[in-house]
Amino acid sequence: MINNKFRELELKGYILKAIEYLGFEEPSQIQSESIPVGIQGFDLIGQAQTGTGKTMAFASIVLNNMEKNQGVKTLVITPTRELAIQIQEEFKKIGKYAGFRSLCVYGGQPIDMQIRSLKYNNDIIVGTPGRILDHMSRGTLAFDDLKFLVLDEADEMLNMGFIEDINEIIKNLPLDRQTMLFSATMPKEIRDLSKKYMKKDRKHIAIIKNSVTVDKVNQYFYETKDSHRFEILCRILDIDEPESALIFCKTKKGVDELISSLLDRGYSADGMHGDMTQSKRLSALNKFKNKAIDYLVATDVAARGIDIQGISHVINYDLPQDTESYVHRIGRTGRANKTGTALSLVTPKEYMVLKDIEKNIKSKIYRKEVPTIDEIFLKKSENVLTTIKETLTANDFKEFIPLALQLDEDYNMIDVSAALLKLNFQNELSYDYKENDISGSEEVRLFISIGRNEKLNIKKLLTFIETNCDINTDEVRNIKILENFSFITIPERYKEIIMKKCSNKILDGAKVRIQLARPKENKN
């Protein structure tokens, strides 16, 4: 059953059903404070950091209050194509049982394809300012029936120079609408925007950041694809061999699936989440405290308030939705004057969330390479050899000598030893590893709109990226500076942050535009 705290928000049944399907246990602070206000129809300013669940908040409000009729009823404006895609995906998840149609429009995608898609009855449009204006000017996108306007990451749109485009869009929208503005900060220009386009009785909900400390915890992340997430967890457990690890999942469904997968492969694990009975949760907790199991898998809500000594590792199988949850999680290790280890599995599209967490906690989260099969083999081989040497030293194997003599009559004893070592080694591994390296470090090629004509050189370009993005430019390669534009190749995890933080900034007097290189441009 879904947590009562979601039911208290007075959301309609089809929204609650989707939330239950997704397995979320409890609303975040911005969700619990903004959803009831938005459902009542007030214009709303939601001030909270990235990764606090703002998208689910405004998507729930819109989908809860929207009616089924002709025309575009909701417009969501966001600064980047990556964020636009993420928002549309969230609308699909929360609107799983609502029956509304959404469409994403952004630059860099063929406009003809978007025009064809706009001929269908789309209820929700999510897009970037330039492409929305383009469609409005072509007459391929009309907002005569609009009832909801959402401005997401408003301060980022200001930083990227979109404020004039936003003004142009909004002044052509119907006045009879509900407007919601979400932003991490509230600079003067955003405050002026809210006064100009939002109703006087608008509500301002601000979620204040708490100060955080993460001393005595060594923090690392592994880059992964969603399809490799479980295998990478197994590799971590096999190479690190944690004495006791608390593994966090974002949803109840995720906990159930991970426990099942771990048990199937022989790991010693149990779990806790809100749908489990109190007795079952206490049983899992007691087994973990008493070292009867090595790994406890839990959601944030289920793990709240528990105090367990001696946890060597906290593993974020899923990144949490806000910094506070991250700090709360990793604070379970590194206690009693001991150093702890916090490990996070991060997909390229989650890299921006990781950087926001890093910025908020004012602490570096270092990248670690995914262990290879060769490294795991070496580790497990050392374990097997150590066990055998200890058995030989103990000299308590005399009853097995007749069996060894029997084998000696038919086989070479080196071969026998190798066969027994193989059997012992297989018992050390729970996952049937196939590929040696699954680091998932995919690369992308970026187009940069300035080149030698603006006196650009490699040093200037790398300094520009490093200054705006705070990333390791040692991983920027295949730099190609041409007369009017340039190209770079980067790890995929840097794609969103570079495109977001560097686009529309000024370099040597020229405004920089960065986008994914087209396939024909991508060839060297």
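**Rings, charges and a covered helix**

Phe 447 is buried, its relative accessible area being 9% (buried is under 20%, exposed over 50%, partly exposed in between; 1.4 Å probe, protein chains only). The model is predicted, so local features need pLDDT of at least 70 and side-chain atom pairs 80 or more, while totals for chains, interfaces and linings use all residues. Residues are numbered from 1 along each chain as its sequence is written, and side-chain values use heavy atoms, without hydrogens or water.

**Exercise 1.** Describe the aromatic pair of Phe 447 and Phe 485.

*Solution.*
- Begin with the whole structure: a search finds 8 aromatic pairs (Phe, Tyr or six-membered Trp rings, centres within 6.5 Å; stacked under 30 degrees, edge-to-face over 60, otherwise tilted).
- Phe 447 and Phe 485 make a tilted pair, 5.4 Å between centres and 40 degrees between planes.
- Next, place the partners: Phe 447 belongs to strand 15 (443-448), and Phe 485 to the loop between strands 16 and 17, 38 residues apart (strands are DSSP E runs of at least two residues, helices H or I runs of at least four, numbered from the N terminus).
- Finally, Phe 485 is partly exposed, at 31% relative accessible area.

**Exercise 2.** Which residues form one aromatic cluster with Phe 58?

*Solution.*
- Look for Phe 91 and Phe 182, which join Phe 58 in the cluster.

**Exercise 3.** How many of the residues of helix 11 are buried?

*Solution.*
- Count along the helix: 11 of its 12 residues are buried, so helix 11 is mostly covered.
- Among the buried residues are Phe 230, Leu 233, Cys 234 and Asp 238.
- Just past the helix comes Glu 241, with a positive phi near 45 degrees.
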